[in-house]
Amino acid sequence: MNVDVIEDERQHHFVLNMGPQHPSTHGVLRVLLKMEGEYVLDPQPVLGYVHRCHEKIGEYKPARAFMPNTARMDYLGALIYNQGYAMLLERAAGIEVPRRAEYIRVITSELNRIQSHLLWYGAYLLDLGAFTPIMYAFDDREHILDTLEDICGSRLTYCYCRVGGVCKDIDDKFIERTRAFIERLRGRLPMYEKLVNGNIIVQKRMKSVGNYTPELCARYGVTGPLLRAAGVEYDLRKAEPYSVYSEFDFEVPTEQQGDAWAAFNVRYREIEQSLRIVEQALDKLPEGEVMEAKVPKKLRLPQGDYNCSVEAPRGELSYYLVSDGSDIPYRIKVRTPSYSNLSVVPEVCKGMMIADVVTSMGALDLVIPEIDR
Amino acid sequence: MQTLNSYAPEIIRIVMAVVGGAVVVFGNALVMGYMERKLAGHFQRRTGPMEVGFHGLLQLVIDGIKLMSKQLVIPAKADKPLFMLAPIISFAPVFLPLLVIPFSDRIQGFDLDVGLLFVLAIASINVLAVLVAGWASNNKYSMFGAFRAVAQNVAYEIPMLLSLLAIVFMTNTFSLRGIVEAQTVWFIVLQPVAFIIYLICMVAETNRAPFDLAEAESELTAGFHTEYSGMSFSLFMMAEYTNMFIVSCIATVFFLGGTSGIPLPYFEYTGIIWFLLKVYLFMFFLVWIRWTYPRTRFDQLMNLCWKYLLPISLVNLLITVVVVKL
């Protein structure tokens with residue numbers, strides 16, 4: 001609920017410093033809220049508390065060695081960040097990836113996306129004051145982490161993709177566990193729906209909070225579930241299908257209202273779609289190698305600019321690489337979705353109550369290390 | 001305690017009442033602390049405390065020792081006397097309502113003619129404590145929490161009182177014992193609307209989720225007790241648990257017939273078993289909804305009170321009066 005707060009010199013405004021340590025900023029984000037009573041006049045995000053110079057680091061080591069850094073930008077979408085960077089280098093060096101590797105990348109990426117959405121689901125409801133859903137969501141999420149740990153070796157900051165494939169083939173145990181997980185989550189989703197999505201308090205808290213229009217999203221470069229919640233059917237997996245996404249049958253969930261409730265529903269339905277993709281990929285999984293044999297030891301990228309975009313859990317992720325012909329990139333630029341999504345806060349949250357600011361910031365699903373890089 | 005009326009000197013009665021009150025307050029805090037953590041655990045597919053003692057039974061003792069040994073941090077720019085006073089204002093009065101609650105036919109401090117008014121009057125001192133705590137902390141979050149708490153408690157006291165008043169009209173007494181004795185049929189049957197209104201107000205009055213706006217931790221970190229640590233924090237906690245106990249007692253007295261139940265031997269004393277069972281049923285309800293529902297927004301909370309609960313309770317009162325007078 002937004003109100004028009006009349007700016008009046010005589011009225012006493014004050015600044016509330018939300019963060020860098022605050023339960024609902026999920027990381028070290030700081031938001032300066034200029035308040036009048038319960039209403040927020042002017043929210044200003046302050047960034048830079050976890051800046052680690054990832055892009056600059058990329059200019060000092062061989063292009064391939066940047067892979068672990070990509071995982072540390074977005075600790076919830078690490079495999080998708082891996083995949084995007086691997087695709088960028090493959091595109092630059094003209095390396096073909098075996099089909100089995102592509103399928104494995106899709107499977108792991110989608111599991112990663114489900115894992116990210118499940119965490120968001122729990123954490124968002126925690127922001128709204130419901131303590132219990134996060135435990136249920138973590139319970140499910142743990143299965144994905146365990147499964148991925150078996151093949152990737154780590155639980156969050158994976159370094160699984162390589163230039164020309166993936167580092168380790170998946171085994172029958174992985175396939176079996178993934179299938180069991182799909183079964184399990186499908187059984188649990190109706191329960192979530194009954195317990196949470198149908199709850200009147202949840203709906204009242206989220207409905208008509210935030211007003212995202214396609215025009216606003218275009219102006220700020222908002223992508224991902226928020227853009228789809230505003231009614232634009234834009235998902236890179238469908239719009240410009242990379243990897244093998246064109247071979248799967250899935251939908252892009254969209255909503256029209258453009259509020260937190262719409263974003264909530266879009267993300268929630270994306271979990272189901274991701275499950276569909278994983279299932280189809282497991283069914284169609286081709287045999288063969290998972291690593292292209294002819295990848296040179298020292299990867300020299302031809303001189304030029306390269307770009308690669310993938311759909312991360314929070315929106316469009318783009319890598320931009322400038323090469324001067326050596327094995328060390330001249331410049332790496334990463335366009336991370338949360339940065340653009342956060343920039344919309346001052347406009348959307350103006351005139352909201354403080355509780356609604358928490359609601360709409362939660363709907364953005366911010367991952368702070370990804371904003372600061 | 002009334003049995004002692006004839007032969008015990010006044011001073012012994014006072015000592016017994018204080019000891020009894022302290023036992024109830026601390027005992028309830030222990031039971032509720034354990035119950036809340038255990039239930040929360042099971043609602044969330046965890047086990048809750050398991051390490052200290054059998055199924056974590058001694059966890060609260062350990063917690064108590066930890067809280068007592070913690071340093072009391074007073075923020076640099078806080079109003080020191082008020083800051084230290086607030087937990088005491090919050091905790092001290094919670095003994096008093098226990099005196100008039102009829103735990104069984106014989107176990108009651110004294111039967112006031114205006115028992116209900118006494119309980120409600122004492123219970124509303126807690127708001128003052130919250131306000132003082134929020135103000136003295138010199139913290140914007142605390143102040144927010146305090147302001148919210150005041151607005152919320154003042155608002156919800158009205159429908160709460162109105163719903164109880166309907167029963168007072170039926171029984172023609174403010175005395176809690178009188179109300180228990182008047183119930184041949186539990187008033188939950190005769191006054192279901194009043195019961196539901198009271199149930200909602202009860203949650204709001206004790207600042208429990210989904211109406212825990214005063215300590216909404218995702219917005220205000222911890223609300224009015226953000227700056228409190230150690231024992232001063234636990235005084236607030238104990239006051240909250242005792243307030244929950246008191247509102248549950250009132251609900252039991254007004255709607256569930258107080259001690260009435262299957263007669264046990266020495267019922268004038270053992271009636272307390274039924275009474276406490278009903279009280280903890282309400283406590284379970286409070287815990288249950290806290291760990292199930294998300295928090296409402298502040299304006300929604302106020303709308304619920306002023307737009308729905310207040311008119312409905314007024315209409316309910318009016319209908320009751322008309323029916324009683326006919």
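**Chain B fold and helix packing in chains A and B**

Of the 326 residues of chain B, 44% count as buried (20 or more other C-beta atoms within 10 Å of a residue's own, with C-beta atoms placed from the backbone). The model is predicted: local features need pLDDT of at least 70, side-chain atom pairs count only at pLDDT 80 or more, and totals for chains, interfaces and linings use all residues. Residues are numbered from 1 along each chain as its sequence is written, and chains are lettered from A and ligands numbered from 1 in the order in which they are written.

Chain B contains 14 helices and zero strands (DSSP runs numbered from the N terminus; helices are H or I of at least four residues, strands E of at least two). Its radius of gyration, taken over C-alpha atoms, is 20 Å; the globule rule (2.2 Å times the number of residues to the power 0.38) gives 20 Å for 326 residues, so chain B is as compact as a globular protein of that length. Its C-alpha atoms fill a box of roughly 60 × 50 × 45 Å along the principal axes.

Helix α5 of chain B spans residues 115–123. Its buried residues are G115(B), L116(B), V119(B) and A123(B). Seen down the axis of α5(B), these fall within an arc of 100 degrees (from the directions from helix axis to C-beta atoms), so they line one face of the helix.

In chain A, helices α4 (residues 99–127) and α11 (residues 260–284) pack at about 155 degrees between N-to-C directions, on a scale from 0 to 180 degrees. Their axes, lines fitted to C-alpha atoms over the stretch in contact, are 9 Å apart. α4(A) and α11(A) are therefore roughly antiparallel (over 145 degrees).

Notes: A residue is buried if 20 or more other C-beta atoms lie within 10 Å of its own, exposed if 12 or fewer, and partly exposed in between; C-beta atoms are placed from the backbone. Angles under 35 degrees count as roughly parallel, over 145 as roughly antiparallel, 65 to 115 as roughly perpendicular and the rest as oblique.
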